[in-house]
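Hi there,

Here is the structure I promised to pass on to you. Have a look at it first, and then read on for my notes.

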Amino acid sequence: MSTVVVIDPRRLAGQRLRERVFHGTTLAAALLVLALLGGVVISLLHGAWPAFSHFKLAFLTREVWNPVTDEYGALGAVYGTLVTSVIAMLLALPISFGIAVFLTELAPSWLKRPIGVAIELLAAIPSIIYGFWGLFVLAPVLQTHLEPWIIETLGALPGVGVLFRGAPFGIGVLTAGIVLAIMIVPFIAAVMRDVFETVPDVLKESAYGLGATTWEVIWRVVVPYSRTGMVGGTMLGLGRALGETMAVTFVIGNAHEISRSLLDPGTTISATIANEFTEATTKLYASSLIGLGALLFVITFSVIAAARLMLLRLDRRALSSV
Amino acid sequence: MSRRPVRKVINALALGLSAAATLVGLALLGALLWSLAREGLAHFSLDVLTRMTPAPATGGGGLLNAIYGSAIMTLIGILIGGPIGLLAGTYLAEYGRNARLSSVIRFVNDVLLSAPSIIIGLFVYELVVVPMGNFSAISGAISLAIIAMPVIVRTTEDMLNLVPQGIKDASTAMGAYHWRTIVSIAYPAARSGMLTGLLLAVARISGETAPLLFTALNNQFWSTSLKAPMANLPVVIFQFALSPYDNWQQLAWAGALVITVAILVLSIIARVVVSRLSPARGRK
């Protein structure tokens with residue numbers, strides 16, 4: 001006994017058509033991702049062109065930012081962007097590393113999960129909340145406690161002392177760096193933890209078997225094994241800090257002059273755009289702001305692309321929090 | 001003399017520092033949540049959810065128009081970004097799994113995932129606001145869609161890759177076309193993970209401020225028109241917080257609490273969805 005299956009050629013053709021349409025639609029959506037990046041590049045260049053062609057290289061090298069005389073240079077904002085991010089990384093790196101070590105090697109298993117989840121949830125809090133909190137809670141504390149102390153001790157040092165002189169404003173480059181640090185700690189810690197967990201247990205066990213202490217296992221086995229991932233994760237954090245807008249805009253003070261002291265107000269690229277874009281009255285003003293955006297894009301794109309290339313070597317599934 | 005004591009001291013020191021770093025980190029973040037809860041709750045009342053943003057230096061008022069605007073723009077953002085992200089993720093996982101084009105797209109998507117959101121705002125300003133001639137809710141929604149998309153592409157691809165090849169092969173062996181296998185076999189198997197991706201994307205865009213500053217702008221009044229500027233929670237918080245008026249600052253605290261709670265709840269739901277619906281994919 002056998003059943004004969006009759007395939008209707010028209011139905012088959014219909015199936016083939018649907019296959020082609022579905023395949024085509026998914027491909028188009030995927031290509032849209034590429035087009036998006038291309039669109040961002042083109043629109044930034046297009047918008048920035050009047051400023052670039054008017055100021056030429058001076059746009060990069062001048063500190064002046066004067067809407068009244070319609071003269072714009074990006075140096076102050078670029079400086080602020082880099083300095084706040086460096087401060088943030090200096091503070092966030094050791095703390096994130098400590099948290100990641102604690103979570104993977106030290107914490108008893110009943111603590112691991114709650115702290116890990118807490119860190120991940122905190123990484124989801126939007127940056128405006130960090131900036132808002134920085135302005136209303138952190139800045140007054142810094143102004144009355146930390147900054148006077150910094151001025152007295154660090155400010156008295158020869159050489160590096162210039163970085164820490166002046167009046168305790170509460171808001172400024174240093175505060176922005178600290179708020180950024182607090183914002184990226186959960187992010188970097190979560191990535192580092194993910195990277196640490198890719199280290200095969202057998203490697204760690206061999207080191208323990210040879211009599212290594214926990215710290216020696218971390219420093220000589222875990223860290224070397226996960227070096228690329230750590231650097232990649234850190235650079236993703238740096239990319240975030242460089243491009244962050246809201247956490248900085250609240251607390252940086254919006255001053256375009258480069259001041260030697262980290263306690264003085266400054267500005268970053270993103271804070272300048274956020275504060276001034278809707279008020280840009282002349283074409284050159286708006287174009288200069290978009291030019292700042294183009295610079296920010298170049299800076300963050302190189303950092304993020306380098307980070308992603310490093311993380312490519314790792315199994316993507318291990319990095320669930322990136 | 002043996003070096004053991006020195007090594008033990010270094011060990012204790014390093015591990016102590018690591019525990020201390022964890023304490024410092026958690027304490028700072030605890031302080032943030034604590035002040036949000038205290039100040040936010042102090043200025044929270046039903047009015048916040050039911051009344052419009054007030055004029056400066058008056059009493060009362062709420063954030064209703066801002067909450068409505070945020071909800072609408074997030075919804076439209078996810079309605080635009082969601083399907084595109086799902087389809088693109090499907091391509092990467094199913095049709096172009098090993099294609100060279102896919103690794104380029106994957107890389108570009110990962111870069112977009114971490115790109116500064118203010119740049120997306122500038123892009124949409126040039127793309128939508130300038131041609132339209134004015135700030136509008138729809139341009140805000142489009143910038144949110146662009147921010148949501150990479151998140152969804154990434155999770156969709158990861159989740160579809162987790163579907164065992166065997167059951168897809170079984171479907172193919174039954175004579176199903178690839179699209180039928182994807183729609184009837186792979187999607188249902190990866191459903192909870194894909195849903196999580198969507199929820200995480202919603203959580204991500206509902207707090208975004210920078211791209212809305214010069215797309216949706218803000219609106220002091222109730223407006224449902226997508227072609228006009230629309231109030232939204234993050235920009236209202238920004239504006240109110242930096243204002244000198246007490247009532248505005250107090251509403252900013254309440255708004256910050258609302259937004260944080262909403263996002264934490266969304267993220268927790270996303271986690272529960274993952275662990276409930278697919279025990280195999282439970283997170284570490």
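In the loop that runs between helix 5 (127-153) and helix 6 (173-196) of chain A you will find A:Leu163. Please keep in mind throughout that this is a predicted model. With a relative accessibility of 32%, A:Leu163 falls into the partly exposed class, because that class lies between the 20% limit for buried and the 50% limit for exposed. A:Leu163 also belongs to a nonpolar patch on the surface, together with A:Leu157, A:Val160 and A:Val162. The patch covers about 270 Å².

Now for chain A as a whole. Its secondary structure consists of 12 helices and 2 strands. Reading from the N terminus, the order is α-α-β-β-α-α-α-α-α-α-α-α-α-α, so if you count along the elements in the viewer, you meet two helices, then the two strands, and then helices up to the end.

How does the radius of gyration of chain A compare with that of a compact globule of 322 residues? Chain A comes out at 25 Å, whereas such a globule would be near 20 Å. Along the principal axes, the C-alpha atoms take up a box of roughly 100 × 65 × 35 Å. Of the 322 residues in chain A, 54% are classed as buried. Looking at contacts in chain A with a separation of 6 or more, 75% are between residues that sit 24 or more positions apart. The accessible surface of this chain is about 14,100 Å², and carbon and sulfur atoms account for 67% of that.

Next, the place where the two chains meet. Chain A brings 88 residues to the contact and chain B brings 84. Together they bury about 7,900 Å², with 76% of this area coming from carbon and sulfur atoms.

How many salt bridges cross the interface of chain B and chain A? There are 2, while the structure holds 13 over all chains. In one salt bridge between the chains, the side chain of A:Glu120 pairs with that of B:Arg271, at 2.5 Å from N to O.

Within chain A, the side chains of A:Arg193 and A:Asp194 form a salt bridge at 3.0 Å, again N to O. A:Asp194 has a relative accessible area of 2% and A:Arg193 has 7%, so both count as buried.

Chain B has a pair worth pulling up too. B:Arg154 makes a salt bridge with B:Asp110, and their closest N and O atoms are 3.3 Å apart. This one ties together distant parts of the chain: B:Asp110 lies in helix 4 (residues 100-114) and B:Arg154 in helix 6 (residues 137-162), with their positions 44 residues apart. B:Arg154 is buried at 7% relative accessibility, and B:Asp110 is buried at 7% as well.

B:Arg154 has another salt-bridge partner in B:Asp158, where the closest N and O atoms are 3.3 Å apart. B:Asp158 and B:Arg154 are about one helical turn from each other, because they are 4 residues apart in helix 6 of chain B. Both B:Asp158 and B:Arg154 are buried. Elsewhere, salt bridges with shared partners connect A:Glu120, A:Arg193, A:Asp194 and B:Arg271 into one network.

Happy browsing, and do write back with any questions!

Best wishes

Key:
Residues are numbered from 1 along each chain as its sequence is written. Chains are lettered from A and ligands numbered from 1 in the order in which they are written. This is a predicted model: local features need pLDDT of at least 70, side-chain atom pairs count only at pLDDT 80 or more; totals for chains, interfaces and linings use all residues. Side-chain values use heavy atoms; hydrogens and water are left out. Patches are made of residues with over 30% relative accessible area and no salt bridge: like charges are joined within 9 Å, nonpolar side chains (Val, Leu, Ile, Met, Phe, Trp, Tyr) within 5 Å. Accessible areas come from the Shrake-Rupley method with a 1.4 Å probe; for residues, only the protein chains shown count as cover. A salt bridge is a side-chain nitrogen of Lys or Arg within 4 Å of a carboxyl oxygen of Asp or Glu. Buried means under 20% relative accessible area, exposed over 50%, partly exposed in between (1.4 Å probe, protein chains only). The radius of gyration is taken over C-alpha atoms; the globule rule is 2.2 Å times the number of residues to the power 0.38. Contact means heavy atoms within 4.5 Å. Buried area is the accessible area (1.4 Å probe) that two parts lose on being put together, summed over both.
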